[in-house]
Amino acid sequence: NALEGAISEVAYIGVSNQYIVNTLAGPLTVYVQNADPGARPARAGDAVTVSWSAEATFVVEPTKEAEE
């Protein structure tokens with residue numbers, strides 16, 4: 001449950017940072033809580049690996065509009 005990619009956009013949104021990560025499976029939107037005060041946030045162009053637990057995985061069915 002992991003994808004490699006590169007960050008294309010970064011937005012500071014108060015309690016978290018929002019990242020757009022371009023992967024071979026398509027772009028992902030990732031939110032990272034700002035819990036470590038001294039941590040350097042990732043920057044556009046950084047190579048990253050996005051991973052998640054199997055329990056957090058679910059399928060989202062396409063809408064009718066997306067199918068057209």
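**Core, pocket and local contacts in the predicted model**

Apart from neighbours within four places in sequence, Val30 is in contact with Asn17, Gln18, Tyr19, Val21 and Val50. The structure described here is a predicted model. Three of these partners, Tyr19, Val21 and Val50, join Val30 and Ile7 in the largest nonpolar core, which has five residues in all.

The largest pocket encloses about 270 Å³ of space. Its lining comprises 17 residues, and those closest to the pocket centre are Asn17, Tyr19, Val32, Pro41 and Ala42. Strands β2, β3 (residues 26-33) and β4 (residues 47-51) each give two or more residues to this lining. Tyr19 thus appears both among the residues closest to the pocket centre and in the largest nonpolar core. Asn17, also among the residues closest to the centre, is in contact with Val30.

Strand β2 spans residues 16-23 and includes Thr23. Thr23 is classed as buried because its relative accessibility, 13%, falls under the 20% cut-off. Two polar contacts of the Thr23 side chain were identified. A polar atom of this side chain lies 3.1 Å from the backbone nitrogen of Ala25, and the side chain also reaches the backbone oxygen of Gly26 at 2.6 Å. When residues up to four places away in sequence are not counted, Thr23 touches Leu3, Glu4, Gly5 and Leu28.

Val15 is placed in the loop between β1 (residues 2-12) and β2. With a relative accessibility of 65%, Val15 is over the 50% cut-off and is therefore classed as exposed. Beyond its neighbours within four places in sequence, Val15 is in contact with Gln33 and Asn34. The C-alpha atoms of Val15 and Tyr31 are 9.8 Å apart in space, with a separation of 16 residues in sequence.

One salt bridge is present in the structure. This salt bridge joins the side chains of Arg40 and Asp46, with an N to O distance of 3.5 Å. Asp46 has a relative accessibility of 23% and so counts as partly exposed, since this value lies between the 20% limit for buried residues and the 50% limit for exposed ones.

Technical notes: Residues are numbered from 1 along each chain as its sequence is written. This is a predicted model: local features need pLDDT of at least 70, side-chain atom pairs count only at pLDDT 80 or more; totals for chains, interfaces and linings use all residues. Side-chain values use heavy atoms; hydrogens and water are left out. Helices (H or I, at least four residues) and strands (E, at least two) are DSSP runs, numbered from the N terminus. Buried means under 20% relative accessible area, exposed over 50%, partly exposed in between (1.4 Å probe, protein chains only). A polar contact is a pair of N or O atoms within 3.5 Å; within protein, one must be able to donate a hydrogen and the other to accept it, and residues adjacent in sequence count only if both atoms are side-chain atoms. Contact means heavy atoms within 4.5 Å. A salt bridge is a side-chain nitrogen of Lys or Arg within 4 Å of a carboxyl oxygen of Asp or Glu. A nonpolar core is a set of buried Ala, Val, Leu, Ile, Met, Phe, Trp, Tyr and Cys residues joined through side-chain atoms within 4.5 Å. On a 1 Å grid over the protein atoms alone, a cavity is a set of points where a 1.4 Å probe fits but cannot get out, and a pocket is an open set with protein on both sides within 12 Å along at least five of seven lines; lining residues have an atom within 4 Å of a point. Grid points are joined across faces, edges and corners, and a volume is the space filled by probe spheres set on the points.
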